[in-house]
Amino acid sequence: MSDPDILSQSEIDNLLSSLAVGLENIEEVRRQDNIVLQDTAIIEGMSSDEDKKGYKLYNFRRPDKFSKDHLRALHDIHKEFSRQLALILTAYLRMHIDIDVVSVDQLTYDEFARSMPNPITIGILELNPLPGQILLGMSHEVTSSIVDRMLGGTGISETKARELTDIEEALSRKVLDKITKTLEDSWKSILPAQGAVVGIDSNYTLIQITSPGEIVALVTLEIQISGRHSGLMSLCFPYPVLESVLSQLSSQHIFQTKGMISTAEDKQKILTRLGTSSMQVNVMLGSADITVKDLFELKIGDVLKLDSLVKDNLVLKVNQIPKFLARPGIHNGRVAVNVTDIVDENDYNE
């Protein structure tokens, strides 16, 4: 009788054959793992090559025509616009107005039109010499509050949107004119523009200032009225309108040209404001050197000999700065001077 702990020859052969099959399976798994690792490395290498070469996804149905710098510049322009407009509307309506830029985005004109409420007050504007037209929309909460204030009310906002009456539309046009004037002033850092309101509407779907698939830049602003009512105002710039000034539409360009572009009208306004300012004008007859003893002994009736001759010109100073040469005299019983020449600042040493 055989010992149960001792394997027979056939059992030993079966065990060895199963062991060999197991080793083959392990090698197969290793080979498959190596293939997967190699494929992964190839894919990662291709991905890194794409990153190095600057590959990126591109949506042909909605291409990005405005760069981030363009959108940032639009934000800067309309941040100044919102600040100036808040001051103007506060003075015009005699109630506190706050305006802030909420966002600057790019999207298709069709997406923009479908996202806007209806009805809404829409001003169709032109900024010559820019081609085409832009759209300015004000929510009914803002329009109704402004119109109520212009009619003598306290600026109550209506919650239910409706189309404007003829009188309300005429009042809204006055506000749109002020907004357009402020807008052209804000764009002076890019180009001297002349704004005009060419129409008023209440439905974006009825206005076709560009093709539905064209990219537009949308500037959204929030308006707070006396801390009680709020609403949105939007500015829609189609890409063809801004295409000719895209090279100037950068934050660096705006910063460099800020305060450098001025028209004859601006200069005249500055001169008009300065015209009422008062300035101190004085004339020095001459000077003399005396001792401290002589100074203490001075009394009424004493005569001091000055270092200037009677025929010499006197120096006329404006705010203590030498500006003119003059001769002394009398005019209508008062001591006066007659301006004879302009001081050469290079030759004159105070």
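**Close-up views of a predicted model**

The protein exposes about 23300 Å² of accessible surface, and carbon and sulfur atoms supply 55% of that area. These legends describe a predicted model, and each one takes up a part of the structure in turn.

**Figure 1. The whole protein contains 9 helices and 10 strands.** Of the 350 residues that make up the protein, 32% count as buried. When the contacts with a separation of 6 or more positions are considered, 66% of them are made by residues 24 or more positions apart. A search of the whole structure also finds 8 salt bridges, some of which are shown in later views.

**Figure 2. An open sheet is formed by 6 strands with antiparallel pairing.** Strands of a sheet pair through backbone hydrogen bonds, and the pairing may be either parallel or antiparallel. The order of the strands across this sheet is 1-5-6-3-2-4. Strand 1 (97-108) and strand 4 (194-201) stand at the edges and have a single partner strand each, so one side of each is left without a neighbour in the sheet. On average, and with direction ignored, neighbouring strands of this sheet are turned by 20 degrees against each other.

**Figure 3. Strand 3 and strand 6 pair inside the order of the open sheet.** Strand 3 covers residues 134-138 and strand 6 covers residues 229-238, and the two are joined in the antiparallel sense over 4 bridges. A reader who wishes to follow this pairing residue by residue can begin at leucine 136, whose bridge partner in strand 6 is leucine 235.

**Figure 4. Helix 2 and helix 5 each lie across several strands.** Helix 2, made of residues 68-93, lies across strand 1, strand 5 (215-225) and strand 6, and its direction is at about 145 degrees to that of strand 1. Helix 5, made of residues 166-186, lies across strand 2 (121-128), strand 3, strand 4 and strand 6, and runs at about 150 degrees to strand 4. Strand 6 is therefore named for both helices, being among the strands that helix 2 lies across and also among those that helix 5 lies across, while strand 1 and strand 4 are the edge strands, so that each has a single partner strand.

**Figure 5. Strand 8 is mostly covered, with 5 of its 5 residues buried.** Leu314, Leu316 and Val318 point one way from strand 8, whereas Val315 and Lys317 point the other way, and all of these residues are buried. Strand 7 (residues 281-284) runs antiparallel to strand 8 and is joined to it by 4 bridges, while strand 9 (residues 321-331) pairs with strand 8 in the antiparallel sense over 5 bridges. Leucine 316 has a bridge partner in each of these strands, namely valine 283 in strand 7 and phenylalanine 324 in strand 9. In the hairpin of strand 8 and strand 9, 2 residues lie between the strands, and asparagine 319 takes a positive phi near 55 degrees.

**Figure 6. A nonpolar patch of about 780 Å² lies on the surface.** The residues that make this patch are Leu285, Ile290, Val292, Leu295, Phe296, Leu298, Leu304 and Leu306. One of them, leucine 298, is found in the loop between helix 9 (292-296) and strand 8 (314-318). Leucine 298 is partly exposed, and its relative accessible area is 38%.

**Figure 7. Arginine 72 and aspartate 69 form a salt bridge, and both residues belong to helix 2.** Side chains of opposite charge can pair when their charged atoms come close. In this pair the closest N and O atoms are 3.2 Å apart. The two residues are 3 residues apart in the helix, which means that about one helical turn separates them. Arginine 72 counts as partly exposed at 44% relative accessibility, and aspartate 69 is likewise partly exposed, with a relative accessible area of 31%.

**Figure 8. Two further salt bridges involve the side chains of glutamate 158 and arginine 162, and those of lysine 188 and aspartate 185.** Glutamate 158 and arginine 162 meet at 3.0 Å, taken from N to O, and their relative accessible areas are 32% for glutamate 158 and 31% for arginine 162, so each is partly exposed. Lysine 188 and aspartate 185 meet at 3.7 Å, again from N to O. Lysine 188 is partly exposed at 24%, as is aspartate 185 at 34%. Glu158, Arg162 and Glu168 are joined into one network by salt bridges that share partners.

Methods: Residues numbered from 1 in each chain as written. Predicted model: local features only at pLDDT ≥ 70, side-chain atom pairs only at ≥ 80, totals over all residues. Heavy atoms only, no water. Pairing = 2+ DSSP bridges. Axes fitted to C-alpha atoms, helices over the stretch in contact; angles between N-to-C directions. Contact = heavy atoms within 4.5 Å. Patch = residues over 30% accessible without salt bridge, like charges linked within 9 Å, V, L, I, M, F, W, Y side chains within 5 Å. Areas by Shrake-Rupley, 256 points an atom, 1.4 Å probe, with all protein chains shown as cover. Salt bridge = Lys/Arg side-chain N within 4 Å of Asp/Glu carboxyl O. Buried < 20%, exposed > 50% of the residue type's maximum accessible area, 1.4 Å probe, protein only.
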